[in-house]
Amino acid sequence: MPQTQPSLSGTETPSKASLWYDPKVRAVLYQIGAMAMVGMLAYYLMSNTMANLERQAIATGFGFLDKQASFEIGESLISYSSADTYAKALVVGALNTLLVAFIGVVLTIVLGTFLGIARLSSNWLLSKLAAIYIEIFQDIPVLLQLFFWYAFFYEILPGPRQAITLFQGVFVCNRGLIFGIPAAHPAYAYMAIAFLAGCVAVYLIRRWARQRQDRTGQIFPLIRVAAAILIGLPLITWWLAGAPTAMDVPELKGFNFIGGVSVSPEFTALLLGLVLYTAAFVAEVVRAGIQSVSKGQTEAALSIGLKPGQVLNLVILPQALRVIIPPLTSQMLNLTKNSSLAVAIGYPDFVSVAGTAINQTGQAIEGVALIMAVYLIFSLSTSAFMNWYNKKTKLVER
Amino acid sequence: MEDTHLADTSVDDIRPPRASIGAIGWLRANLFNSWFNSLLTLVIAYALYQCIPPLVRWAFIDSLWTSTGPECQAADGACWSIIPANFRFIMFGFYPYEEQWRPAIAIVLLVSLLIFSQYRRNWKKYLFYIWIGGLVIMGVLMKGGILGLTPVETTQWGGLPLTLLLSVFGLTAAYPLGIVLALGRQSRLPAIRSLCVVYIELIRGVPLISLLFMSSVVFPLFLPEGVSLNSILRAQVAIILFTAAYIAEVVRGGLQGMSKGQYEAAEAIGLNYYQTMRLIILPQALKIVIPPSVSILISAFKDTSLVVIIALYDLLKTTQSILGDPRWMGFSPEAYLFVAMIYFVCCFYMSNFSRKLERELDTGL
């Protein structure tokens with residue numbers, strides 16, 4: 001205790017003791033001490049590393065990025081060959097990670113929302129099935145699930161000749177998922193433009209409708225109009241551009257399918273594993289969000305004369321989403337981070353490509369630093385977006 | 001509660017209509033309460049009718065339980081024989097065959113310790129010493145070298161003991177570090193706070209696998225010449241560093257749950273920072289965070305399976321490697337389902353425990 005301590009140390013002058021017991025001085029000393037310890041640890045590790053690198057004759061720095069990678073990558077969104085540089089190989093890996101994360105996030109939100117609502121359904125059978133699903137898929141390691149789906153593709157599914165037809169033109173076999181797409185036609189580019197134009201139009205109409213509602217109180221049927229514009233505009237464009245109906249359907253030629261789009265077993269297994277695993281967690285998040293809005297809110301909204309659709313849109317969803325969004329974001333980040341498990345089933349994501357680069361060049365520190373940097377960028381940009389969103393939807397207390 | 005009390009005395013015992021009680025009433029209320037739900041029930045029932053019988057047929061009726069690999073290849077059903085035939089390898093990996101009773105006892109000891117610790121009446125100070133003693137005995141059993149036990153290199157450890165060791169020891173060792181980080185993050189000293197924030201956010205922002213990569217390829221470079229850590233220990237360090245960041249966030253939640261009055265009262269009776277934390281804040285904050293800590297144990301338990309990627313023989317890797325045996329090739333679903341069942345039982349038990357605890361510890365504040 002500060003008061004008794006100086007008397008114990010006896011001969012020390014009071015001014016010196018008071019300096020040591022000055023909280024400000026102490027704070028500075030503690031901080032300098034902590035920084036010095038971290039600095040010393042860093043120096044110790046650095047010097048060891050330098051000595052080891054020199055002894056093992058491993059190059060340092062990111063110079064290797066410009067060298068020829070000389071390994072093939074199974075799947076790539078951009079054109080890549082083994083003659084390209086490590087930098088380009090890493091870009092291919094990062095794009096693959098982004099692809100699986102993006103599709104995974106979309107599918108997970110859809111499936112998770114469905115399961116969350118099903119869990120709360122008044123239908124006993126549906127609710128129990130959803131509960132069983134959530135419990136089982138949450139409690140099994142995602143890596144094990146990935147292995148299972150990967151084995152499922154390679155061992156259980158038949159070869160292309162006995163491929164299972166899911167729907168007309170959609171096949172699954174041990175070469176992955178194969179489905180038909182509309183044959184290339186300029187009409188589809190026009191449709192995309194029409195869709196974007198529709199988005200802009202809906203945004204403008206929404207702003208106008210809000211202003212009008214603030215001014216006059218009249219409600220504009222925004223959702224129906226928006227749906228009409230977003231679906232109608234591309235459809236009209238498609239019809240105007242000659243209504244192409246030709247399909248690029250996969251056909252069995254010899255031992256494999258020709259035409260259509262084929263998705264590799266690795267990608268499908270990774271996507272399936274990640275989506276099924278994360279959706280179980282998302283379902284719990286959605287359920288908690290819906291339950292967080294008390295029944296009184298619904299009743300109050302109905303009693304002031306809102307229609308059921310309006311109750312959902314104006315009262316329930318805005319409140320539920322505020323509870324749902326933060327944990328949902330962390331689940332989406334988990335999915336992105338878990339996509340790094342691709343390395344275990346041979347899908348060339350960023351970690352897998354960087355791992356190959358580490359093995360070839362021996363530059364482990366740079367490789368691991370790159371992996372961490374890329375995931376940090378994903379994480380930090382997502383959390384920045386979410387902070388912005390949270391601020392926007394924050395409860396304004398009056 | 002009060003309603004029933006009233007009903008007992010004043011209202012005549014009129015039975016509800018037959019259609020709203022009993023099996024029929026239950027069916028009407030839970031499965032057929034609207035045309036949509038009725039349709040849904042029928043669709044689900046049809047789907048289950050399509051899926052369940054073939055699965056049961058595969059798993060139980062046509063299945064083989066004690067055959068050899070080639071016999072399995074000929075059969076239609078599941079080949080569960082892969083489990084008994086390779087059980088000891090799946091469970092213990094490359095641990096010397098004659099010595100496998102030792103890890104078996106270690107597992108039993110650990111599981112009984114965990115079960116013993118789940119009762120709140122056992123949450124006394126001696127529990128801590130029991131755990132220390134238990135962990136030492138487990139270590140001795142696994143490692144050997146004294147008391148006439150043959151020494152077993154850590155490189156030969158594998159299977160379930162390795163999985164349990166990595167997760168339980170990882171959480172135990174990560175907890176103190178996590179508490180320090182959480183306190184650091186709450187600190188008023190900017191340098192210490194930013195160090196902790198950077199550490200926590202950095203670790204939480206990257207996947208565990210990048211840390212495991214680091215442990216397998218970068219850690220050796222950090223050590224001075226001549227010193228080497230084996231790969232299990234390095235993975236353990238990576239798991240500890242990773243888990244600590246998550247524990248720090250959980251503990252921070254507990255610290256933030258403390259009311260300001262607690263700090264002020266502690267200051268008022270003249271306690272310094274360490275006394276305040278040790279005697280007032282942490283005992284209360286840590287109690288709040290027990291249920292989320294169990295969730296972290298669950299994730300740590302599941303996440304240890306990632307050591308497969310740096311080629312440690314944990315439960316998942318031993319299973320995967322028997323599937324490479326030509327005699328047992330093609331029975332991955334059976335083997336993976338078995339391992340999934342082990343993981344599921346453990347995680348389900350722990351998460352139920354966590355939920356129960358949450359209800360019990362909820363003092364309504």
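Domain bounds here come from an automatic or database domain assignment. The model is predicted.

**Figure 1. Domains of chain A and chain B.** Chain A is divided into domain 1 (5-9 + 16-55), domain 2 (86-139 + 261-393) and domain 3 (184-245). Between the C-alpha centres of domain 1 of chain A and domain 3 of chain A lie 63 Å. For chain B, the assignment gives domain 1 (17-61) and domain 2 (82-95 + 152-361). The centres of domain 1 of chain B and domain 2 of chain B, taken over C-alpha atoms, are separated by 41 Å.

**Figure 2. The side of chain B that touches chain A.** The contact takes 51 residues from chain A and 45 residues from chain B. Five helices of chain B each supply at least two residues of this side: helix 3 (35-61), helix 9 (190-205), helix 10 (208-222), helix 15 (315-322) and helix 16 (332-361). Helix 16 of chain B gives the most, with ten residues. By class, the side of chain B that touches chain A has 31 nonpolar, twelve polar and two charged residues.

**Figure 3. Helix 16 of chain B.** The 30 residues of helix 16 of chain B should span 44 Å at 1.5 Å a residue. The end C-alpha atoms of this helix are 42 Å apart, which agrees. Buried residues in helix 16 of chain B include B:Ser332, B:Glu334, B:Tyr336 and B:Val339. B:Tyr343, B:Cys346 and B:Cys347 are buried in this helix as well. The buried residues of helix 16 pack against helix 6 (142-156) of chain A. They also pack against helix 5 (82-92), helix 14 and helix 15 of chain B.

**Figure 4. B:Ile342 in helix 16 of chain B.** B:Ile342 is found in helix 16 of chain B. With 18 other C-beta atoms within 10 Å, B:Ile342 is partly exposed. A residue counts as buried if 20 or more such atoms lie within that distance, so B:Ile342 falls outside the buried class. B:Leu315 is 27 residues away along the chain, yet the C-alpha atoms of B:Ile342 and B:Leu315 are separated by 9.6 Å.

**Figure 5. Helix 8 of chain B and its bend.** Helix 8 of chain B covers residues 159-186. At 1.5 Å a residue, its 28 residues should span 40 Å. The end C-alpha atoms of helix 8 are 40 Å apart, in agreement. Helix 8 of chain B bends by about 35° at B:Tyr175. A proline, B:Pro176, follows within four residues. Of the 28 residues of helix 8, 21 are buried, so this helix is largely enclosed by the rest of the structure.

**Figure 6. The largest nonpolar core.** The largest nonpolar core has 151 residues. Those with the most contacts inside this core are A:Leu143, A:Leu144, A:Leu146, A:Leu270 and B:Leu212. Helix 9 (residues 265-292) of chain A gives the most to the core, with 16 residues. Another core, of seven residues, lies apart from this one. Among its residues are A:Ala163, A:Phe171, A:Val172 and A:Leu177.

**Figure 7. The contacts of A:Leu270.** Leaving aside residues up to four places away in sequence, A:Leu270 touches A:Val100, A:Leu146, A:Ser339, A:Ala342, A:Ile345 and A:Tyr347.

**Figure 8. B:Ala311 in a loop of chain B.** B:Ala311 lies in the loop between helix 14 (290-303) and helix 15 of chain B. Phi of B:Ala311 is near 65°, a positive value in a residue other than glycine. B:Ala311 is exposed, with 9 other C-beta atoms within 10 Å.

How values were computed
Residues numbered from 1 in each chain as written. Chains lettered and ligands numbered in written order. Predicted model: local features only at pLDDT ≥ 70, side-chain atom pairs only at ≥ 80, totals over all residues. Expected span 1.5 Å × (residues − 1). Bend = angle between axes of the 7 residues up to and from the residue. Buried ≥ 20, exposed ≤ 12 C-beta atoms within 10 Å, placed from the backbone. Core = buried A, V, L, I, M, F, W, Y, C linked by C-beta atoms within 7 Å. Contact = placed C-beta atoms within 7 Å. Nonpolar A, V, L, I, M, F, W, Y, C, P; charged D, E, K, R; others polar.
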